[in-house]
Amino acid sequence: MTQNSLSFLKGHGTENDFVIIPDPDNAIELSASAVAKLCDRRAGIGGDGVLHVVRSAAHPDAAHLADEAEWFMDYRNSDGSIAEMCGNGVRVFARYLEHAGLVEPGDLAVATRGGVKHVHLDKSGDVTVAMGRATLPEGEVTVSVGERSWPARNVNMGNPHAVAFVDSLEDAGTLYTAPPFSPASAYPTGVNVEFVVDRGPRHVAMRVHERGSGETRSCGTGACAVAVATIRRDGADPAATGEPATYTVDLPGGTLVITEHPDGRIDMTGPAVIVAAGEFEAAWLTETAFA
């Protein structure tokens, strides 16, 4: 890397892809327009979001977590908006830290705006993230596509989700735009919407419109929300049965395995891959992205 260039990497988790910007000292200013340009698939590098890699102590949003986690995932959606968490992003973030020689395989902690996430890097290639506990806000929610509407389960995984069970994944339509929901008060800052079908015992498939990114090939927190909603629908709540519940969730980009434990802890396991590394001109970021 020269004075006039900035380093980046590309990675994906079940084809949810990210531009990775290493910046340990939080020296790079990433405006919303800069992030959107980086994520542009024609005029930029291309991705569903940006993983800004910063030491927790160097970032005002994570300094209070520095004693628990050295590294902070400053995550941005592809439109430049800030998100609390990204489950696939955490796996790819952890894989990058290993790839860069900053951590060893095994257990580590990652700071996010949704709290500290504990990660296990398996030498086989899979990454398991302790995703915390879901909350299920009260109240009825409805999501719509065209003239059709479905009841949805309100699940919060550190970010908001509306999970709707449908007859066919084609019922979700194109997902070019965010599916309308009601009441508006249920999600004052928008919502990730998942459409779900059954594939077999403890096995479902989903499509998702991610808030701020559109339809993506995968969504880790969405897969967790889908598993939680399906577990409740199936009457398999681990808090009631005393037994963990493990569900397989198929997404367009691959498969994730979600386990909810009797104490409410949720683990998500899936692949994470670094696919490329390169440089871009710093002037492009400042002159083009900020224009």
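Methionine 157 lies in the loop between β9 and β10. The model we are looking at is predicted, and I shall begin with this one residue before turning to the strands, the enclosed spaces and the chain as a whole.

Is methionine 157 buried or exposed? Its relative accessibility is 2%, and the limit for burial is under 20%, so methionine 157 counts as buried. Which residues surround it, once its neighbours within four places in sequence are left aside? The contacts of methionine 157 are then Met131, Ala134, Thr221, Cys224, Ala225 and Ile266. One further distance may help you to place it on the screen: the C-alpha atom of methionine 157 is separated by 11 Å from that of glycine 115, although the two positions lie 42 residues apart along the chain.

Glycine 115 brings us to the strands. Strand β6 covers residues 115-121, and it pairs with strand β5, residues 106-112, in the antiparallel sense over 7 bridges. The connection from β5 to β6 is a hairpin of 2 residues. If you wish to find the register of this pair, take alanine 109, which stands opposite histidine 118 in β6.

On to the next pairing. Strand β7, residues 126-133, is likewise antiparallel to β6, with 4 bridges between them. Here valine 119 has valine 129 in β7 as its bridge partner. The hairpin of β6 and β7 has 4 residues between the strands, and within it glycine 125 takes a positive phi near 120 degrees. As a reminder for reading side chains along these strands, in a regular strand they alternate between the two faces of the sheet.

Let me now turn to the open space at the surface. How much space lies in the largest pocket? The value is about 180 Å³. Its lining comprises 13 residues, and those nearest the centre are Glu140, Val141, Pro151, Ala152 and Arg153. Three elements give two or more residues to that lining, namely β8 (141-145), β9 (148-156) and β10 (160-165). Of these, β9 gives the most, with 5 residues. By class, the pocket lining divides into 7 nonpolar, 3 polar and 3 charged residues. The two strands on either side of the loop that holds methionine 157 are thus both represented in the pocket lining.

There is also enclosed space. The count of cavities of 30 Å³ or more comes to 1, and the largest cavity holds about 70 Å³. Among the residues that line it are Tyr75, Met85, Cys86, His161, Glu210, Arg211 and Thr221. You will recall Thr221 as one of the contacts of methionine 157. The cavity lining has 5 nonpolar, 5 polar and 2 charged residues.

Finally, the chain as a whole. The protein chain contains 5 helices and 18 strands. Its C-alpha trace spans about 55 × 40 × 30 Å along the principal axes. How does the radius of gyration stand against the rule for a compact globule? For 291 residues the rule gives a value near 19 Å, and the chain has 19 Å, so the two agree. As to burial, 52% of the 291 residues count as buried, methionine 157 being one of the buried residues. Of the contacts between residues at least 6 apart in sequence, 62% join residues at least 24 apart.

Methods: Residues are numbered from 1 along each chain as its sequence is written. This is a predicted model: local features need pLDDT of at least 70, side-chain atom pairs count only at pLDDT 80 or more; totals for chains, interfaces and linings use all residues. Side-chain values use heavy atoms; hydrogens and water are left out. Two strands pair if DSSP finds at least two bridges between them. On a 1 Å grid over the protein atoms alone, a cavity is a set of points where a 1.4 Å probe fits but cannot get out, and a pocket is an open set with protein on both sides within 12 Å along at least five of seven lines; lining residues have an atom within 4 Å of a point. Grid points are joined across faces, edges and corners, and a volume is the space filled by probe spheres set on the points. Ala, Val, Leu, Ile, Met, Phe, Trp, Tyr, Cys and Pro count as nonpolar, Asp, Glu, Lys and Arg as charged, and the others, Gly among them, as polar. The radius of gyration is taken over C-alpha atoms; the globule rule is 2.2 Å times the number of residues to the power 0.38. Buried means under 20% relative accessible area, exposed over 50%, partly exposed in between (1.4 Å probe, protein chains only). Contact means heavy atoms within 4.5 Å.
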